[in-house]
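Please open the model in your viewer and keep the sequence panel beside it, since this tour moves from one selection to the next.

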Amino acid sequence: MIVCPNCETENPVGSRFCAECGASLATAKPAPRETPPTAPEWRMSDAGPLPEPRRGRRKWLWFALAIIGACLLCCVAFFVWSATDAGQGVLNDASTRFAEVSTEAAAE
Ligand SMILES: [Zn+2]
């Protein structure tokens, strides 16, 4: 029996990978149920690189940049729109309505 250093599952002699968790049994010792001192090293050396993590991060970076860009675009568009006569009218109307509502709320 080979005891998996990762999950302590017993695997048949000659197994290269744990049947339970898939961990490599290359350095596992065919014996007692104590954690071998080489376990951390095995995890560092034999774990292998994660499947293309940089591409995923870059994807999120572009996603965040797109959101930030959209926000900036909305801000610019809002300022440009508020500078026009139509925007000024709407904003003044909204502010007067807000003032009316707040004064009504205060009166009650
Ligand atoms: Zn295992």
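How many buried residues are there among the 23 residues of α3? The count is zero, so to speak a helix that is hardly covered, where buried means that 20 or more other C-beta atoms, placed from the backbone, lie within 10 Å of a residue's own (exposed means 12 or fewer, and partly exposed is in between).

Before going on, note that this is a predicted model, in which local features need pLDDT of at least 70 and side-chain atom pairs count only at pLDDT 80 or more, while totals for chains, interfaces and linings use all residues. Residues are numbered from 1 along each chain as its sequence is written.

Next, colour the chain by secondary structure, and you will find three helices and two strands, arranged along the sequence as β-β-α-α-α; helices (H or I, at least four residues) and strands (E, at least two) are DSSP runs, numbered from the N terminus.

Now select V3, C4, C18, A23 and L25, which form the largest nonpolar core, that is, a set of buried Ala, Val, Leu, Ile, Met, Phe, Trp, Tyr and Cys residues joined through C-beta atoms within 7 Å. Of the 108 residues of the chain, 6% count as buried. Stay on L25, whose contacts (C-beta atoms within 7 Å) beyond four places in sequence include I2, N11 and F17.

Finally, move to E8, in the loop between β1 (2–3) and β2 (10–11), where phi is near 65°, a positive value in a residue other than glycine. Most residues other than glycine have a negative phi. E8 is partly exposed, with 14 other C-beta atoms within 10 Å.

Terms used. Two residues are in contact if their C-beta atoms, placed from the backbone, lie within 7 Å.
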